[in-house]
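Here are a few notes to go with your first look at this model. Have it open while you read, and take the points one by one.

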Amino acid sequence: MLSIPLPFLVGIVFALALYHSLKGVDVPGSRRYFIAFVVLYAAQGLVVGLHFGYGITALAPVQPVTASVMPPLAFLAFQSLSGGGRSAPWRHLAAPLCVGASVLFVPILVDPLLLVIFLFYGVALWRLIRSEGSDLMVEASLQRMRPALRAARMTAALMLFFAVSDAALSVYTTFNGRDDIPLVLTAINIVVLVVTGIYYFAPEAAESPLPNGKAPEANPQDERLVQRATEALDRDGLYRDENLSLAKLARKAGVPARDLSVAINRATGLNISQFVNRRRIAEACLLLRETRRPATVIMFDVGFSTKSNFNREFRRVTGMSPRQWRSGSKSIADPGNIGLDVPVANKQLGAVKP
């Protein structure tokens, strides 16, 4: 009776985890790379499973070539989300071309080449996202920045893990033969499955503002950039766009994305997501008090796409739930007490006292 190869199952699980983290991310250039990477990863698991699990040796030459394509695809995909410099995609064809030539003419070089490729791209991707700030994924929607960054870090870690494990497996088979390869591959895939499961099910840490509110190093230039961002948010109701990204806001404000993020951090003590969500919550507060529309409808109207995120951000900003705010169970003497210092939001909330 045929069974599903474990590597294929692991490939599917990893692909689904990536899809969950990156759904809704629709950046020109990134989507095709992500789709190709996810499909190829699952296909690679099938190839490995059929080769070593069912002894289909005809797939042996294909396996290293398809493996060498995945690291460049992953790097190009996450690079497009980072908003960094674009490297010419054709240059990354060097990896599979070298491995393909090695398979045909110098098989002994296949394993060393794969080691170099996975190490090179694993380190390159890790350097790309090594900062602690989630603002690195500037092209992703604000609600997907942190999941996209987590996915990039997991992918980089797995590439480095594959490089080390494949090198160790190559050394092992040199001295002990190839009889234990299926067992070792099973162990490797179990590790990947566990890591993916931890990544997928582990709760995401809540975002925290910078310590002590406004940073002392803020300067008048930062205040001017924040004002431009505030005006851009209110122009045509940009803050209501649930797919709003740091890059899109920066383009509307006419400011480089990283400069805008740093200015907001220093001038307000908030990250970009919190800054935008504060404006959304201000509008939600107004609508909850002045209308009887359901909170779920208001949630979508002001730019949130999930109830959990809306409730969490509402409580973070106001200190109460949407229902409590609407019922007026607590009073707020000054809108500044709940962190709503966006000028337009203050004007709105000042007219509607809880």
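1. Is Arg279 buried or exposed? Keep in mind that this is a predicted model. Arg279 is buried, because its relative accessible area is 2%, and buried here means under 20%. You'll find Arg279 in helix H11, which covers residues 272–290. While you're there, look across to Val317: the two residues are 38 places apart along the chain, and their C-alpha atoms are separated by 10.0 Å.

2. Next, try a loop. Ala140 sits in the one between helix H5 (110–128) and helix H6 (145–176). Despite being in a loop, Ala140 has a relative accessible area of 0%, so it counts as buried. Leu81 is 59 residues away from Ala140 in sequence, yet the C-alpha to C-alpha distance is 6.0 Å.

3. Now for helix H3 (62–82). Of its 21 residues, 18 are buried, so H3 is largely enclosed by the rest of the structure. From first C-alpha to last, H3 reaches 32 Å, close to the 30 Å expected at 1.5 Å a residue. Check Gly83 too, just after the end of H3: its phi is positive, at about 75°.

4. Where should you look for the largest pocket? Start from Gln63, Asp111, Leu114, Asp166 and Leu169, which lie nearest its centre among 41 lining residues. Helix H1 (6–22), helix H2 (30–54), H3, H5, H6 and helix H7 (181–201) each give two or more residues to that lining. H6 provides the largest share, 10 residues. The pocket's volume is about 1100 Å³.

5. What about the make-up of that lining, by class? For the largest pocket, the split is 29 nonpolar, 9 polar and 3 charged residues.

6. Then there's the largest nonpolar core, with 66 residues. Met137, Leu249 and Ile272 have the most contacts inside this core, and H6 gives the most to it, with 11 residues. Leu249 is a good one to click on: leaving aside neighbours within four places in sequence, Leu249 is in contact with Ala229, Ala232, Leu233, Leu238, Leu244, Leu260, Ile272 and Val276.

7. Don't miss the other core. Apart from the largest one lies another, of 14 residues, with Ala284, Cys285, Phe304 and Trp325 among them.

Conventions: Residues numbered from 1 in each chain as written. Predicted model: local features only at pLDDT ≥ 70, side-chain atom pairs only at ≥ 80, totals over all residues. Heavy atoms only, no water. Helix = DSSP H or I, 4+ residues; strand = E, 2+ residues; numbered from the N terminus. Buried < 20%, exposed > 50% of the residue type's maximum accessible area, 1.4 Å probe, protein only. 1 Å grid on protein atoms, 1.4 Å probe; cavity = no way out; pocket = protein on both sides within 12 Å on 5 of 7 lines; lining within 4 Å. Points joined across faces, edges and corners; volume = space filled by probe spheres on them. Nonpolar A, V, L, I, M, F, W, Y, C, P; charged D, E, K, R; others polar. Core = buried A, V, L, I, M, F, W, Y, C linked by side-chain atoms within 4.5 Å. Contact = heavy atoms within 4.5 Å. Expected span 1.5 Å × (residues − 1).
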